[in-house]
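Here are my notes on the model you sent round, set out as numbered points. Please read them with the structure open beside you.

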Amino acid sequence: MTDPIRVLIVDDEEPARVLLAELLSRAAGVLVVGECGNGFEAVRAAAEKKPDAVFLDIEMPKLDGFEVLSLLDPAIAVVFVTAYDHYAVKAFQVEAVDYVLKPYRQERLLEALARARERVARRQRPDPARLAAALRPAGGWAGRIAVRDGGDVHVIPVSKLDYVEARDDAVALKAEGRAYRKTQTLASLAASLDPGRFLRVHRSFLINVDRLRRLELYSKNSHVAILADGTRIPVSREGHARLKALLDGRGGPAA
Amino acid sequence: MHPIFARPGRLISYLAASLPLAAVLTALLGGAGAFALGEAAAVALPMTLLYAFLSLSVWYPCRAVPLEGARWPILLATHGTAALLTSTVWVVLGEGLVRVLESLAPFAGLAALYAAQVPTLFAAGVLFYFLSAGLHYVLISFEDARHREKREAELAILAREAEMQALKARIQPHFLYNSLNAVSALIGRDPSRAREMCVGLAEFLRKSLAAGERRSIRVGEELSLARHYLDVERIRFGDRLAVEEDIEASGEECLVPPLLLQPLVENAVVHGISTLVGGGTVRLEARRTGNRLRILIENPYDPEAPVRPRGGLGLRLVRERLAALYGPDAIFAAKRLEGRHLAIISVPARVEGAS
């Protein structure tokens, strides 16, 4: 056996945490590095204690299990442990290592642990698309975006979002005069948002259409969007066509 | 549509039933001495069939002026006018028929004979109209009774379905799974609390199954069931779940359908307390004011929590059940107010022994 696998336990019910801790710490080569009672704590603990695997409940206060997953280092193996079976498909989409239904046998939990070990040993990183899938609630568009800032978590309701700018492998979200950085591609973020409210007007920009005040012609082929707070956002030719199509359908401000 | 056309068999029996009238008409025409028997039959038979069709239109004035609650002058004026009109049309059409017959050799001179009999025929037409109107009213009342029965049966089925749904939903399987998981956790560390939870769970199940068999239950019993449920949940949620009660004895004595409150108490925990890191207090209130029973279930919740699936099912069940059992006499409101969720039920206060 090499280094023990570092495990973080996240569940809002104390007895459920106790059971996970008891069964996991009894297994050989496991180090339980922390127990958390809600999503905020979990994100902070994951940043500080660098677990290899997280055993994660889904329905919890503040952040649900999928939101927590979207804020974790993608290298961390996630095992969902829940009484609800209707999240299984989504858990598969976000490439969780396993999905254990409560109540469970010790053997079932150890099987999940073995899978987590395997994922960690192979240093296998799941597809970044899992982030986008994790952010989208089942059967709808994201209502809020969770952003990690070191160990802190900010939850931004999408209605407060002004615009998003692509920055290398991350995005900068602007909301209420503040900027938040999130490690995600603009395309995957756009895929989780309601296309009737959030529109990609440029390769590097996505705007909240409710914030749009007017459009100005910038050069022969491009426009600039003026937002409610005066921010000027470049609009490409394709972006202008998409914006026009959306506004015509909505009966919003004329271009 | 006219009920005669609703099924093909009806039209045939209707026409068959009009044949005796053809005989009466033949006797009437032949008996006057002017027509030979063959002539009388040749005129009477087609005219009776003609009238059979004409009188189908009687259904419309009958529908327009239903017997029930109708005033006599309106009834008489409507049917009097319709009778004169129908009879006139009939006699005129009969004239046409006679002219066609006259062109055939055996019926020469028939038109003149017919003209002499017009007043008799007209009177017969009016008489037939009233006969037909009476028949239609009987038919309509049959149809109405059938419709009413069908509607009542449908309503009863709807009420029954709402009940079944409520009973099926009374125990959320996730509650059982989570509770059993907690038992599984406590067995190792705290066997006596694990035992307590097993007993609490069993008591809740036994009482709710027994309550489900009954038609109504005292509010006091219903609340004790809710307490059993909350006791089990408290082992899972620990200090996060507190309960506060404001129950008046007069309210406890009132009767409600069994397990009415269960989905609401469950919502208070699942969509309320469990969304808050620090938890909160579930408040239960029941009181009788005059002839109304009022029940309130209040809990804090996190307005920013992501919406969980299955939300709203419990509220829908309670609303449907109350509507099926009390109709418009039940008031049910669920509102969100500054981070608190309120569910309010107001129904007519009923107690045991009173009808």
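1. Strand E1 of chain A, residues 5–10, is largely enclosed by the rest of the structure, because five of its six residues are buried. This, like everything that follows, is a statement about a predicted model. E1(A) pairs with strand E2 (residues 30–36) of chain A in the parallel sense, over six bridges, and it also runs parallel to strand E3 (residues 53–56) of chain A, to which four bridges join it. A:Val7 can serve as a reference point for both pairings, since it stands opposite A:Val32 in E2(A) and has A:Ala53 as its bridge partner in E3(A). Together with H1(A), the strands E1(A) and E2(A) make a β-α-β unit that is right-handed.

2. Within that unit, helix H1 of chain A covers residues 14–26 and includes A:Arg17. Is this arginine, A:Arg17, buried or exposed? A:Arg17 counts as buried because 20 C-beta neighbours lie inside 10 Å, and the cut-off for that class is 20 or more, so the residue sits exactly at the threshold. Once neighbours within four places in sequence are left aside, the contacts of A:Arg17 are with A:Ile9, A:Asp11 and A:Glu35. A:Asp57, which is 40 residues away in sequence, has its C-alpha 9.6 Å from the C-alpha of A:Arg17.

3. The largest nonpolar core holds 115 residues, and those that touch the most other members are A:Leu8, A:Val54, A:Leu56, A:Val78 and A:Val79. Its largest share nevertheless comes from H8(B), which supplies eight residues. Apart from this core lies another one of 25 residues, with B:Ala52, B:Leu54, B:Trp59 and B:Tyr114 among them. As for A:Val54, its contacts beyond four places in sequence are A:Leu8, A:Val10, A:Ala46, A:Leu72, A:Ile76 and A:Val78. As general background, nonpolar side chains in soluble globular proteins tend to be buried together.

4. Between the two chains, 23 residues of chain B are in contact with 22 residues of chain A. On the chain B side, helix H6 (173–189) and helix H8 (219–237) each supply at least two residues, and the largest share, eleven residues, comes from H6(B). By residue class, that side of chain B divides into ten nonpolar, eight polar and five charged residues. When weighing these contacts, please keep in mind that the model scores ipTM 0.77 and pTM 0.67.

5. Chain B as a whole has eleven helices and seven strands, and buried residues make up 31% of its 355 residues. Of the contacts in chain B between residues at least 6 apart in sequence, 74% join residues that are at least 24 apart. The average pLDDT of chain B is 86, with 94% of the residues scoring at least 70.

6. Among the strands of chain B, E2 (residues 241–247) and E4 (residues 280–289) pair in the parallel sense over seven bridges, and B:Ile247 stands opposite B:Ala286 in E4(B). E4(B) also pairs with strand E5 (residues 292–300) of chain B, here in the antiparallel sense and over seven bridges, and B:Glu298 in E5(B) is the bridge partner of B:Arg283. The hairpin of E4(B) and E5(B) has two residues between the strands, and in it B:Gly290 takes a positive phi near 60°.

7. Some backbone geometry deserves a look, given that most residues other than glycine have a negative phi and most peptide bonds are trans. A:Lys102 and A:Pro103 are joined by a cis peptide bond, with omega about -10°, and A:Pro103 lies in the loop between strand E5 (98–101) and helix H5 (106–121) of chain A. A:Glu176, in the loop between strand E9 (170–175) and strand E10 (178–182) of chain A, has a positive phi of about 50° although it is not a glycine; A:Glu176 counts as exposed because it has 9 C-beta neighbours inside 10 Å. B:Leu259, likewise not a glycine, has a positive phi of about 60° and is found in the loop between strand E3 (255–256) and helix H10 (262–272) of chain B. B:Leu259, however, is buried, with 25 other C-beta atoms within 10 Å.

How values were computed. Residues numbered from 1 in each chain as written. Chains lettered and ligands numbered in written order. Predicted model: local features only at pLDDT ≥ 70, side-chain atom pairs only at ≥ 80, totals over all residues. Contact = placed C-beta atoms within 7 Å. Nonpolar A, V, L, I, M, F, W, Y, C, P; charged D, E, K, R; others polar. Buried ≥ 20, exposed ≤ 12 C-beta atoms within 10 Å, placed from the backbone. pLDDT = per-residue confidence, 0-100. Core = buried A, V, L, I, M, F, W, Y, C linked by C-beta atoms within 7 Å. Pairing = 2+ DSSP bridges. Right-handed = clockwise from strand over helix to strand, strands pointing away.
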